[in-house]
Amino acid sequence: MDVAQLVMDTGITDFADFAHSNPVIPEKSVEGRRQFRTIWISDIHLGTRGCNAEMLIDFLDHVDSETLYLVGDIIDGWRLKKKFYWPAAHNDIVWRLLKRAKRGAKVIYIPGNHDLDFGGISIRRKAIHQTADGRRLLVLHGDEFDAITLAHKWLAHVGDFAYNALMALNRAVNAFRRRFNMPYWSLSKHAKAKVKNAVEFISNYEEIVAHAAGARGVDGVVCGHIHTAEHRMIQGIEYWNDGDWVEGCTALVEHFDGRMEVLHWADEIAVRELGKVSALAA
């Protein structure tokens with residue numbers, strides 16, 4: 001199954017039509033959009049119920065960048081091949097990504113292990129990004145370093161089933177929290193942080209990826225895949241993971257001076273809403 005067929009199934013016959021169509025969720029006209037030199041996002045998993053589409057749409061409507069990296073698992077081919085699920089909000093995300101490229105942003109797409117083929121955007125398996133202050137960063141999804149995905153695909157599918165069950169519970173928890181005006185909270189992220197084996201897997205993964213980047217002679221690495229946003233130094237290599245838009249709802253950004261940070265968008269929304277409440281109370 002490729003994206004051309006997917007687009008036909010969702011009622012749009014060609015990628016170019018996205019740029020000329022109107023999204024169901026209108027693009028916000030936000031004054032003072034936050035400007036970055038570079039943005040990295042990954043693991044959106046369009047085509048699944050776990051995708052936090054509305055939160056990602058809010059992010060895309062509040063930020064701009066000269067370069068945008070899509071670091072894999074943008075569309076979840078595994079899930080779509082089993083059961084088709086594609087709400088209008090997922091069209092709206094694709095519309096925004098393609099619109100961004102049309103407006104002049106450099107958009108680079110690095111496929112992951114769940115992706116379908118993706119058109120209209122520069123596609124690379126790996127990329128080297130040079131920051132404003134001269135650091136060279138290897139950019140890749142990271143699934144090639146996941147021994148479970150590579151060597152035991154059946155086990156990966158079992159894990160995928162268990163993960164989706166946990167995400168269903170995560171959605172139920174957050175539906176309850178929204179009813180009482182409570183901010184978004186990731187149950188699955190909390191569970192991973194508490195489970196010893198998950199913590200060890202993440203640590204080992206980060207060290208393997210950093211070692212591979214060091215062998216390529218770069219200063220650091222940016223990846224996704226494990227749905228855990230992180231920044232740390234590993235044997236002289238700067239490791240960044242941009243997280244995901246299923247659990248943590250995070251993005252990695254580079255400022256124009258080369259400084260980098262992870263944005264936790266649920267926290268950003270909470271601060272924004274608090275500011276509105278404070279303004280009304282003043």
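Let's start with Cys51, which is buried, with a relative accessible area of 8%. Cys249 is buried too, at 0%. What is the nearest cysteine sulfur to Cys51? That of Cys249, 8.4 Å away. A disulfide needs two cysteine sulfur atoms within 2.5 Å, so this pair does not qualify. Cys51 is in no disulfide, and neither is Cys249. For the chain, the disulfide count comes to zero.

I should say right away that we are looking at a predicted model. Let me step back for a moment and give you the overall picture. The chain has 282 residues, and 50% of them count as buried. Its secondary structure comes to 10 helices and 11 strands. If you take contacts between residues at least 6 apart in sequence, 69% of them join residues at least 24 apart. As for the outside, the accessible surface is about 13500 Å², and 57% of that belongs to carbon and sulfur atoms.

Now, please find Glu254 on the screen. This residue lies in strand β10, which covers residues 250-254. Is Glu254 buried or exposed? Glu254 counts as buried, because its relative accessibility is 0%, under the 20% cut-off. And Glu254 has plenty of company: leaving out residues up to four places away in sequence, it touches Phe36, Arg37, Thr38, Trp40, His129, Thr131, Ala132, Arg259 and Met260.

Two of those neighbours deserve a closer look. With His129, the side chain of Glu254 makes a polar contact of 2.8 Å, side chain to side chain. With Arg37, Glu254 forms a salt bridge, the closest N and O atoms being 2.9 Å apart. That pair links distant parts of the chain: Arg37 sits in strand β1, residues 34-41, and is 217 residues away from Glu254 in strand β10. Arg37 itself counts as partly exposed, at 22% relative accessibility.

Thr131 is another contact of Glu254, so let's cite its own place too: the loop between β5 (127-130) and β6 (136-139). Thr131 is buried, with a relative accessible area of 2%. A polar contact of 2.4 Å joins its side chain to that of Asp133. Beyond four places in sequence, Thr131 is in contact with Arg37, Leu137, Glu254 and Met260.

Back to charged pairs. Side chains of opposite charge can pair when their charged atoms come close. How many salt bridges are counted here? The count comes to 15. One of the pairs is Glu238 with Arg135, where the closest N and O atoms are 2.8 Å apart. This pair also links distant parts of the chain, with Glu238 in strand β9 (residues 237-241) and Arg135 in the loop between β5 and β6, 103 residues apart. Glu238 counts as buried at 11%, and Arg135 is buried at 18%.

Another pair is Arg33 and Glu27, whose side chains meet in a salt bridge of 3.2 Å, N to O. Arg33 is buried at 14%, whereas Glu27 counts as partly exposed at 24%. Both belong to a network of salt bridges that links Glu27, Arg33, Asp64, Arg100 and Arg103.

Last stop, the surface. Phe176, Phe180 and Met182 make a nonpolar patch of about 320 Å². Met182 is in the loop between α7 (153-179) and α8 (187-194), and is partly exposed, with a relative accessible area of 36%.

Note on methods. Residues are numbered from 1 along each chain as its sequence is written. This is a predicted model: local features need pLDDT of at least 70, side-chain atom pairs count only at pLDDT 80 or more; totals for chains, interfaces and linings use all residues. Side-chain values use heavy atoms; hydrogens and water are left out. Helices (H or I, at least four residues) and strands (E, at least two) are DSSP runs, numbered from the N terminus. Buried means under 20% relative accessible area, exposed over 50%, partly exposed in between (1.4 Å probe, protein chains only). Contact means heavy atoms within 4.5 Å. Accessible areas come from the Shrake-Rupley method with a 1.4 Å probe; for residues, only the protein chains shown count as cover. A polar contact is a pair of N or O atoms within 3.5 Å; within protein, one must be able to donate a hydrogen and the other to accept it, and residues adjacent in sequence count only if both atoms are side-chain atoms. Patches are made of residues with over 30% relative accessible area and no salt bridge: like charges are joined within 9 Å, nonpolar side chains (Val, Leu, Ile, Met, Phe, Trp, Tyr) within 5 Å. A salt bridge is a side-chain nitrogen of Lys or Arg within 4 Å of a carboxyl oxygen of Asp or Glu.
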